[in-house]
Amino acid sequence: TFLSLQESKRTFKLPSSSDGRILQRSKRGWMWNQFFLLEEYTGNDHQYVGKLHTNVDKGDGTVKYVLTGEGAGTLFLIDEKSGDIHATKRLDREEKAMYTLHAKVLNKNTNEELEPDTEFNIKIHDINDNAPKFAREIYFASVPEMSEVGTSVATVTATDADDQTYGNSAKLVYSILQGQPYFSVDSENGTIKTALPGMDREVKENYQVVIQAKDMAGQMGGLSGTTTVSITLSDVNDSPPRFANLTAVESTEIGGAIGRIKADDPDVGHNAEMEYSIVGGHDTFNIITDQITQEGIIIIKKTLDYESKRDYEFRVEVRNTYLDARFIHGVQFKDYATVKVTVEDVDEPPVFTRNPYIIEVHEDTAAGSFVGVVMARDPDADNKPVKYSIDRHTDLERLFNVDSVNGTITTLKALDREMSKWHNISVVATENSNPRQTTRVPVFIKVLDVNDNAPEFAMSYDTFVCENVKAGQLIQTISAVDTDEPLVGHKFVFSMSGGNPNFTIVDKEDNTANIVTRRGGFSRREMSVYFLPVVISDNDYPIQSSTSTLIVRVCACDSRGNMQSCNPEVLPFSDGLTTGALVAILLCVIILLMIVVLFAALRRQRKKEPLIISKEDVRDNVVSYNDEGGGEEDTQAFDIGTLRNPEVMDANKLRRDIIPEMLFPFRRTSPIKDNTDVRDFINGRLQENDSDPTAPPYDSLATYAYEGSGSLAESLSSLESAATEGDQEYDFLSNWGPQFKKLAEMYIGRSPDRET
């Protein structure tokens, strides 16, 4: 920031300092003594530093400014005409913070000094371009175990090459990136302290702590540096002496050895043989003696479970097998030791709460309904979550589904107890974090019965009734079956739908019924087979019933009621012919009549004359002409207006390209001029509707069918022509020109006279 100052009629440009004070000028006062420049300037052009000026310079180009001193001509250049000073490259405050230079003002022409030599400084202002740095990348420190919270461990300090007195570029703040919650760091001085009580060296001895130092007072955008501090817990006497512990994996099988112990005996041979035992016995462990090594081997008697009990302690006794009576008195030839066993955890598969599961579900359960729930848990201490699935090899029909999270089993399809009463599936529980740990459990699903099937005949009955049967005689005993299974057993009710004059049914109330005749004297001639609809109902809820048909044949029987024949008899007639013979004769007569009628029709059709008498049917001849017409511009060939305007026909206009001769006279008269008959018909219908009192009071559409008098072109078929082919003379075709030469040769050549 520059200020303007006027003194003794001279103008001076003085900079102000950061605290607002005006810098002191030299004796002659023609310039200031200090410039400020930011370091690490990154512009492409030279950075402007300041301007030298004296009021001796009138702007006429006679004054020349000269710069000498540190960096003059290399780092700093001056414009000798204007006095502007520029830096030629990037400057680093950390390399050099201030440059001292000298300035002169000379007459450009005579090199005479207009102002005396003046010294001034260029000071480099700091920017935050240096990150904090620690003296070492890794520090080592130790602190006693079980130290109180806040115990000082070590102090790490970082340095910042930026200006300590200018801004916050070198103001550091310390923080801990790794090592919590065991340690903390003082944000101002970098002192590391303990932050967690009861740190035990026997549990964990070494810790890696990462400390960060950040400049700009920790504000966003600041630069940072890190270092690692390796902290070791030094031992203190916080544990009493104990025997060495044995460790056993909880998955060790029963009878497996978990460790060995040995007592010292300076004797040799059989005198050093020992026997081990557990004092008072133990329900989980036992000890046996290895006769070769004289060691005691501890084995497992009962399965270990880390989650139930992790530590065991018992006393072991060791004694000599062979004793010498001379030395028994006063000396105990046995010793004791305390053994501690620690159980180690093993990642175990999930365990179901039940094994197996037995679930009941009704057969009328719809798809998607709830069946039951299976539950498994991880027996390990961390109790990891499990997921459920169905082994599809045990559910090939895909009748069931299990929720992978909560183990709820639902149906995918409707169940039918009559198809399968039990469904045996396997549900698999798998640890989410370790898919290799799986357990399967059988799930037996029993389908409960629902009364959804009607009873029916127990078998197919062959029932007959004798022609000489008497009324009230039993002819058949029927029974029924039902695929359902009611809780109190089946109870069927038999009845006959509708009144039947021939038979009746008697329900015996023991799930059977009798078919009894209501009359006697059946005849095969009248009816050879009877159909009896029998209704069978059950007693469960909801009641189901069905109708089964019992077929009763009428048969001839002997006096004892034994069946002899059930075929219908041949009934005699007066002419000695049976019914079958009469039917056959009637069919033959009908066939003969049809043949006669067909033959007569064919004979009549042959007598009809053909439409074309000539042996050569002209309809089978197709004549092709390659003569090209004149197109739309050929108005001489035919007058198209004749077809468009009916009135032209009255003028009897003929074609202008042929001989004016009427070949085919008109057989029909022209229609009434202006179609008066159609107009009269429409007017008559209109008057009738206008005068009709029953007509609706709104516009309506009435359609009438009216046949006109025909087309002016009349029929184009030669079959209705007035003259036949033989009556026509075709000599005129030769006068029509070369275009019709082919046609003339065909028709003139076929003339009967010429053929003769």
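Is E509 buried or exposed? In this predicted model, E509 counts as exposed, because its relative accessibility of 61% is over the 50% cut-off. The residue sits in the loop between β39 and β40 (512–517). Its backbone is a bit unusual too: phi of E509 is near 60 degrees, a positive value in a residue that isn't glycine. For context, most residues other than glycine have a negative phi, and most peptide bonds are trans.

M146 makes a natural companion to that case. It is not a glycine either, yet its phi is positive, at about 60 degrees. M146 is found in the loop between β11 (138–144) and β12 (152–155). With a relative accessible area of 39%, M146 is partly exposed.

Stepping back to the whole chain, the protein has 756 residues, and 30% of them count as buried. Its secondary structure comes to 5 helices and 43 strands. About 49,400 Å² of surface is exposed, with carbon and sulfur atoms supplying 51% of it. Among the contacts with a sequence separation of 6 or more, 62% come from residues 24 or more positions apart.

One stretch carries an annotation worth setting beside the model. An unreviewed UniProt entry labels residues 581–602 as "transmembrane region". In the model, that stretch is 100% helix and 0% strand, and the C-alpha atoms at its two ends are 32 Å apart.

On to the sheets, starting with the one that leads up to the E509 loop. Here 4 strands make an open, antiparallel sheet in the order β35-β37-β40-β39. The edges are taken by β35 (456–457) and β39 (503–507); each has a single partner strand, so one side of each is left without a neighbour in the sheet. The link between β35 and β37 (residues 474–481) consists of 2 bridges, with the strands running antiparallel. Within that pairing, F457 has A480 of β37 as its bridge partner. The loop holding E509 runs between β39 and β40.

A second open sheet is built from 3 strands, ordered β20-β23-β22 and again paired in the antiparallel sense. Its edge strands are β20 (257–261) and β22 (285–290), and because each has a single partner strand, one side of each lacks a neighbour in the sheet. On average, neighbouring strands here are turned by 25 degrees against each other, direction ignored. Between β20 and β23 (residues 295–300) there are 4 bridges, and the two strands run antiparallel. I261, for its part, is bridged to G296 in β23.

Strand β33 (residues 422–431) offers a well-covered case: 8 of its 10 residues are buried. It pairs with β30 (residues 386–390) through 5 bridges, antiparallel, and Y388 has A429 of β33 as its bridge partner. β33 also pairs with β34 (residues 438–448), this time over 9 bridges and again in the antiparallel sense. In that pairing, T430 stands opposite T438 in β34. β33 and β34 form a hairpin, with 6 residues between them. More broadly, strands of a sheet pair through backbone hydrogen bonds, either parallel or antiparallel.

For a single residue in a covered setting, consider T227, which has its place in strand β18 (residues 224–234). T227 counts as buried because its relative accessibility is 2%, against a cut-off of under 20%. Its side chain is not without a polar partner: one of its polar atoms lies 2.9 Å from the backbone oxygen of R136. Leaving aside neighbours within four places in sequence, T227 is in contact with F134, R136, E137, I138 and Y139, as well as V209, V210 and I211.

Finally, two proline-preceding peptide bonds deserve a look. The bond from Q180 to P181 is cis, with omega near 5 degrees. P181 belongs to the loop between β14 (173–178) and β15 (183–185). The bond joining N355 and P356 is cis as well, and its omega is about 0 degrees. P356 likewise has its place in a loop, the one between β26 (351–352) and β27 (357–362).

Methods:
Residues numbered from 1 in each chain as written. Predicted model: local features only at pLDDT ≥ 70, side-chain atom pairs only at ≥ 80, totals over all residues. Heavy atoms only, no water. UniProt positions renumbered as here; feature names shortened; annotations may be inferred. Buried < 20%, exposed > 50% of the residue type's maximum accessible area, 1.4 Å probe, protein only. Contact = heavy atoms within 4.5 Å. Areas by Shrake-Rupley, 256 points an atom, 1.4 Å probe, with all protein chains shown as cover. Pairing = 2+ DSSP bridges. Axes fitted to C-alpha atoms, helices over the stretch in contact; angles between N-to-C directions. Polar contact = N/O pair within 3.5 Å; in protein donor to acceptor, adjacent residues only side chain to side chain.
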